[in-house]
Amino acid sequence: MTDQTQEKEFKHNFKAWNTEQKQLRLLLEDPLRHVEAIDLFLQHHAVLHATRMAQTENWSFTDAVLSDMSEEKIRDIPANGEHTVAWLFWHMARIEDVAMNTLVAGSPQILNQEDWLARLGVPLHHTGNNMDQESVERLSTSVDVNALQDYRVAVGRRTREIVQQLQPDDLTQKVDPVRVRQVMDQGDLVEEASGIADYWGRRTVSGLLLMPATRHNMVHLNEAFRLKKRRG
């Protein structure tokens with residue numbers, strides 16, 4: 001597939017996904033359409049992850065980003081850039097892990113199980129918000145790229161388990177303030193990024209399904225695809 005064809009396909013799928021996201025928001029607000037809402041969420045979520053995460057044959061934004069990318073390119077910051085593709089995937093995975101496990105389910109994060117930190121090869125626990133360029137470069141250099149993709153797959157699968165257990169009344173519940181404080185106490189966010197915790201604290205569970213579990217991933221996958229293009 002040529003670069004031009006791949007870009008056209010990415011933009012076409014992005015436009016369709018973005019349009020349906022508006023429908024997802026409406027469905028999540030209607031308890032009588034709960035089953036329909038969860039089904040659409042799972043569809044939206046699946047295409048944001050590698051196809052092996054949900055074990056489907058659907059086209060995938062993640063696969064489109066990572067196809068034909070060398071490990072060196074995944075780790076590099078392009079000229080005048082701020083992030084790397086490696087940092088973006090760390091950030092997406094950590095945000096989803098924190099939001100869905102700590103805030104929605106009140107369950108242990110994937111990162112804190114099965115020796116993931118050691119497997120990833122990084123000393124960090126936080127989401128990567130407010131990192132300077134030197135820190136982004138350090139993370140991007142040290143992280144095990146294959147383990148990072150495996151970690152994100154594990155996070156995505158756990159999200160789907162959580163969402164499929166939600167009941168209509170759960171979606172309208174505000175995030176528990178105790179869980180929001182736990183995010184800061186655990187060091188999931190650095191103090192300079194505490195505004196994100198404040199934002200989460202104002203959301204309902206359905207709000208977290210939209211942002212960050214779906215739209216946040218899309219924002220950064222779109223950024224990752226642009227970085228890929230800039231590096232040729």
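These legends walk through several close-ups of a predicted model. Local features are taken where pLDDT is at least 70, side-chain atom pairs count only at pLDDT 80 or more, and totals for chains, interfaces and linings use all residues. Numbering starts from 1 along each chain as its sequence is written, and side-chain values use heavy atoms, with hydrogens and water left out.

**View A. Helix H1 meets helix H2.**
H1 covers residues 3–28 and H2 covers residues 34–48; helices here are DSSP runs (H or I, at least four residues), numbered from the N terminus. Their axes come within 9 Å and cross at roughly 145°. For the geometry, axes are lines fitted to C-alpha atoms over the stretch in contact, with angles from 0 to 180 degrees between N-to-C directions. The crossing of H1 past H2 is left-handed, that is, the near helix is turned anticlockwise from the far one by less than a right angle (clockwise would be right-handed). On the H1 side, the contact uses Trp17, Glu20, Gln21, Gln23, Leu24, Leu27 and Leu28. H2 brings Glu36, Ala37, Leu40, Phe41, His44, Val47 and Leu48. Contact just means heavy atoms within 4.5 Å. Sorted by class, that makes nine nonpolar, three polar and two charged residues. The bins are Ala, Val, Leu, Ile, Met, Phe, Trp, Tyr, Cys and Pro for nonpolar, Asp, Glu, Lys and Arg for charged, and the others, Gly among them, for polar.

**View B. Zooming in on Leu24 of helix H1.**
Is Leu24 buried or exposed? Leu24 is buried, because its relative accessibility is 0%; the cut-offs are under 20% relative accessible area for buried, over 50% for exposed, and partly exposed in between (1.4 Å probe, protein chains only). Skip the neighbours within four places in sequence, and Leu24 touches Ala37, Leu40, Phe41, His44 and Leu210. Take His44 from that list: its C-alpha atom is 8.9 Å from that of Leu24, with the two positions 20 residues apart along the chain.

**View C. A salt bridge between Asp150 and Arg52.**
The closest N and O atoms of this pair are 2.8 Å apart. A salt bridge here is a side-chain nitrogen of Lys or Arg within 4 Å of a carboxyl oxygen of Asp or Glu, and the structure holds ten of them. As background, side chains of opposite charge can pair when their charged atoms come close. Asp150 sits in helix H9 (residues 145–164) and Arg52 in helix H3 (residues 51–54). The two are 98 residues apart, so to speak a link between distant parts of the chain. Asp150 is partly exposed at 32% relative accessibility, and Arg52 is partly exposed too, at 40%.

**View D. Two more salt bridges, Glu114 with Arg119 and Arg138 with Glu134.**
Glu114 and Arg119 meet at 3.9 Å, N to O. At 61% relative accessibility Glu114 is exposed, while Arg119 comes out as partly exposed at 37%. For Arg138 and Glu134, the closest N and O atoms are 3.4 Å apart. Both of these residues belong to helix H8 (residues 133–142), four residues apart, or about one turn of the helix. Arg138 is partly exposed at 48%, and Glu134 is exposed at 53%. Elsewhere, Glu7, Lys11 and Lys229 are joined into one network by salt bridges that share partners.

**View E. Helix H11 against helix H12.**
The axes of H11 (residues 177–185) and H12 (residues 194–201) come within 9 Å and cross at roughly 165°. H11 and H12 therefore count as roughly antiparallel; that label needs an angle over 145 degrees, with under 35 as roughly parallel, 65 to 115 as roughly perpendicular and the rest as oblique. The crossing is right-handed. Val180, Val183 and Met184 of H11 make the contact with Ser194, Ala197, Trp200 and Gly201 of H12. By class, that is five nonpolar, two polar and no charged residues.

**View F. Positive phi at Asp68 and Asn130.**
Asp68 has phi near 65°, a positive value in a residue other than glycine. Asp68 is in the loop between helix H4 (61–66) and helix H5 (71–75), and is exposed at 71% relative accessibility. Asn130, with phi also near 65°, is in the loop between helix H7 (116–120) and H8. Asn130 is exposed at 56%.
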